[in-house]
Structure formats: structure tokens, C-alpha cells
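Open the model in your viewer and keep the selection box handy. We will make a few stops together.

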Amino acid sequence: MAKEKDVILPNDKLMLSEMENPEVTVSSCNVHDDENLCSYKRHSSVSQEGLLEDQLRRKLKFFFMNPCEKFWARGRKPWKLGIQLLKIVMVTVQLVVFGLSNQMVVAFKEENTIAFKHLFLKGYMDRMDDTYAVYTQTDVYDQIFFAINQYLQLPNISVGNHAYEKKGAEETPLAVCQQFYKRGIICPGNDTFDIDPEIVTDCLYIEPTTSLDNTTMGKHNLNFTLDFPRLVAVQLMFNLKAINLQTVRHHELPDCYDFTLRIVFDNKAHSGRIKISLDNDIAIRECKDWHVSGSIQKNTHYMMIFDAFVILTCLASLILCTRSVIKGIWLQREFVSFFLYYYKKEVSFSDQMEFVNGWYILIIVSDVLTIVGSTLKMEIQAKSLTSYDVCSILLGISTMLVWLGVIRYLGFFQKYNLLILTLRAALPNVMRFCCCAAMIYLGYCFCGWIVLGPYHVKFRTLNVVSECLFSLINGDDMFATFAEMQQKSYLVWLFSRIYLYSFISLFIYMVLSLFIALITDTYETVKHCQQDGFPETELQRFISQCKDSPNSGRYRLEDESSASLFCCCNGCM
């Protein structure tokens, strides 16, 4: 029957139970009742409460079982486990296929940008973007007119399938815009200047249909002069189009590309060095009219069917995991109400959070991301969208979370659970430790940026400073960081040595060692607890009183129904 000695309540609890649940108890005893009848009534009420308590214990124990134990207990097949294993294979295959396609897109963008630099920048060589500059007025004009001539001759000199952009029936022109101060009289020899800092922009437009007549465009062809004392920048802006045909060999439909190019001659510093750069803003669009012979269309349909199957699998996983989370919340409320009513105790927050399975929430997030990413992938394959970057981010994060979600099932085995338990136990201390270390790290970042930034290339911006210091913590590129420091100022050079030595010593020998010690200490604690047993919480002590094994047959749904029916029958006696 039930464990009556574990649940005998005082008279006030019994009276409260009778008042709040009149349908459970038969009636209360009064002075006119026979003593044996009163004892029977109280015994009947306690028996029903014991049955309810045992039933709740079995429900809780079943809820926290692993998939194998649930199969032995109720014959429930591990559908979620099977779907997760199937999903891991499908999502990984989908990611690899999309990754190969995305690599071709990125390679096409980068190769076109390199080609444009060689086409439109005179004397350009690879890996000279930071040092590419001109120093004389003649070189500035030569660079500008070289780019204009190359643009006008593009159909005859380019080995790619590049063409001018068209708006309607007309081709878009090349714009040559110079920016200069509205007024400026500068006399460095007299240490005097008179300047109006307002920026004025003047543009000249050149149509692609301009005939060269076997000559080159120059100053005599265009009414174009530069006032170098007032000059801030010169920009050449034009649009080109191309089609990425290499995807045809991989059974994918080609994309059409719009290139918005801008060649900038930067003279903001007026230092005698005008830096030249080429920026390429790329947009991918659906081709308007296309026809490809062969089986490409059929292969595209097969991939879209596969993506649709991935979406259906993730949708099934999403429904099952959401259902499990909701059932956990319902069981949490039932347990909290039971403890509050029968034991007059509040369930601790940590025990309540045991019912909220974080792994299920992680899987739900991965399913949502996979569904959205797969939908975008199908739209990209159908050439309705070209959001390659957004799709790759969604599929990448979702695949990472899918692989992380499988750790949940490895955690049911004691030898594989050590990593998960260590991370969960160490996380609060690690977060507090990182907050303190971050204050020191940010202090060094700001100090290095303001002092060493003008003299060291690795300290020019806060982002670069943070990357440099993080590399130093991991022992990367130490000598180069010391060696690249300019020695123009002895005071700053001396400060840089003190700064770098103190940072490396503090973070590598102290902060990093303490961080590793924190993880190691937690690991040893978890390892000892696995051998000697973890401290039991109230929830675990409550569940441990249920001694029914998973294959005892006591967890069958019909048993619970009969138990509930028996309780109702007792209440009607």
C-alpha cells in the first residue's frame, strides 16, 4: 500500500486538508462519532495522501530518468534521441553543401576585387594596400587619368565577363568628385593661414560611350584641375556588373553581381603623401533572364526537397522538446504546491530550476535557427534571395548548437559527464573571476591605446589593442610586439617596455594561472563527488524514497490510473 509512517500529518494539517479538499476526506470527527469510526476516517484520509505522495514520487523519478530507463519503465521509445541523431547528420550535410557554395561566392568577390585593383590602380602590386600612395602632383593626375582610361577601355582589356551598369537603355557614367575647403590661403613659410573648413564637392561625369579615338584621356581632354593646398580628397565612383559562372560546374544556378567601386585619393592629412585605396561594395542579385541546358534544374529541386525534409525534422524536434519543457513546468508547479501544502515548505530556487531542462531550450533555439536558415537557403537556391552571409550565420550557429545538444545524452553516462558537471559547477566562479580580470584588461587596453597608439601599429585602435593583448596572453607574437615599437621617443619606448613586461607577467603568471587553478579545483571537487556521492537536495531526497526500479512495472500509465481510481473509491466510502 502506501508508506503511512512517512506522511502522518498533525491534526492541524489534517483539518486544513479536510477544509481545502473536502472531496478527498470523508468527513471530520465530532464528539458524537464512535471512536473506532473516527480512527477509520482519519486512517482513510492519511492513506489517500500517502498514495498521492507515492504517485508524485514516481512521476518525478520517471521525469528525471534517461531515455533507456524510460523505455524500461513505460516502453516509451526515445524519439527525441533518434531525431537528434538524425538531425545531426542532416544538418551537417546541409551545412557542408552550403559552405562549399558560399566559398565560391566569397572567392568570386575577392578575386574580382583583386582584379579591379590591378586594372584601375597604376603600378599596383599585391599586398601593398597599406603603402600604396603618391607623392607628386604629376603622379596624382597620372593615377586619375589611368583609372579613367582603363574604365573606358574595360570591354577590350578585361579578361573577365565585366560590363557597365545600365539604367534603362543608358549606361551609368563614371563620376570624378573632388572635395576641397571652401576657402583656403595657406602660407607655411610665414606661419599664417586663412581657411574656411566647409567642404565643397565638385563632380565631373564621364560616359562609358566616350570615344577615345586611339588616344588617352588627359588634362587637355577634360576641364579638370586640382587645387592641392585646399584639396581634401578625390573619389572616382563607377558601377560594373558580372555573372559568376563557376557555380554551373557544381550544378548550381549562377548569380548576377553588382560592383560599386570607389577609388579614393586621401589628402586629409596634407602631409605630402596621398594614400590611394579601392573599395568594392558587392551586391548579389537574381539574374533576370537565364537558361541552362542539362540537369541543373533537377539537382536544384533535389536539394530543395532535402532542405524541406530538414525543416520537417527540426519542426518535429521543436514540438517534442517544447512539449517536454511544458511538462517540466507543470510538474514543477505540482511539486511546489505539494511541498507548500503538506510540508509547509518553500521549494528552493535551485530545485525548481531542475525542472527546466536547459538542454531542451538549447535544442529549441537550434531548431528555430535551422528552420529559418534552411528557409533562406531554399530561397537562395530558387534565386529569390541572395542573403548568403545571414544564411551562413544562422546555419553555422544552429549546427554548433545541434552538436552541443548531443552532449546531453552523453551526460547520462558517468564517465562522459565529468566535463558537463565541471563546467556547470565552475561557471559562477568563472564569471565572477572574469569580471574582475576584465577591469584590469580594459585598463591596459585604454592605457596602451592612448600612449603607444601613435608609435605602434598594433595599438592604433582599441579593437587592435584588445586583439594584440589577447594574443600576448596566449604567448603569440611576443617578440614582434616588442620589436615593432618605434624608438622616436625614448620616454615612450621606456614606457612600452614597462607596460608590456608588466602586462605579460601579470596576466600569464598570475591571472591565467589563477583561472586554470579555479577550473582544476572544481574538476577535483566534482571528481571526488562522483566517487563519494554528491550532496542531496530536498528534491533528490524526496525522489530517493521511491524504491521502484524502472522495470518494476509500477510506472505504467494504467497503474497510475488505477491508483487514482482507488483513491477516488476510498473517498466515496
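The tour goes from confidence to a helix, then a pocket and a leucine.

This is a predicted model, in which local features need pLDDT of at least 70 and side-chain atom pairs count only at pLDDT 80 or more, while totals for chains, interfaces and linings use all residues. Residues are numbered from 1 along each chain as its sequence is written, and side-chain values use heavy atoms, with hydrogens and water left out.

**Colour by confidence.** The protein chain averages a pLDDT (the predictor's confidence in each residue, from 0 to 100) of 80, and 84% of the residues score at least 70. Now select residues 1–44: here the pLDDT is below 50, and the stretch has 52 contacts (heavy atoms within 4.5 Å) beyond near neighbours in sequence. Where pLDDT is low, the predicted coordinates should not be read in detail.

**Select 490–532.** This is helix H16 (helices are DSSP runs of H or I, at least four residues, and strands are runs of E, at least two, numbered from the N terminus). Its 43 residues should span 63 Å at 1.5 Å a residue, and the end C-alpha atoms, 61 Å apart, agree with that.

**Select Lys166, Lys241, Cys256, Asp258 and Lys288.** These are the closest to the centre of the second largest pocket, among 16 residues that line it. Strands S2 (163–164), S7 (231–243) and S8 (256–266) each supply at least two lining residues.

**Select Leu362.** Which residues does Leu362 touch, not counting those up to four places away in sequence? They are Leu401, Leu404 and Gly405. Leu362 lies in helix H10 (residues 358–381), and its C-alpha is 8.4 Å from that of Leu404, 42 residues apart in sequence.

Terms used. Expected span 1.5 Å × (residues − 1). 1 Å grid on protein atoms, 1.4 Å probe; cavity = no way out; pocket = protein on both sides within 12 Å on 5 of 7 lines; lining within 4 Å.
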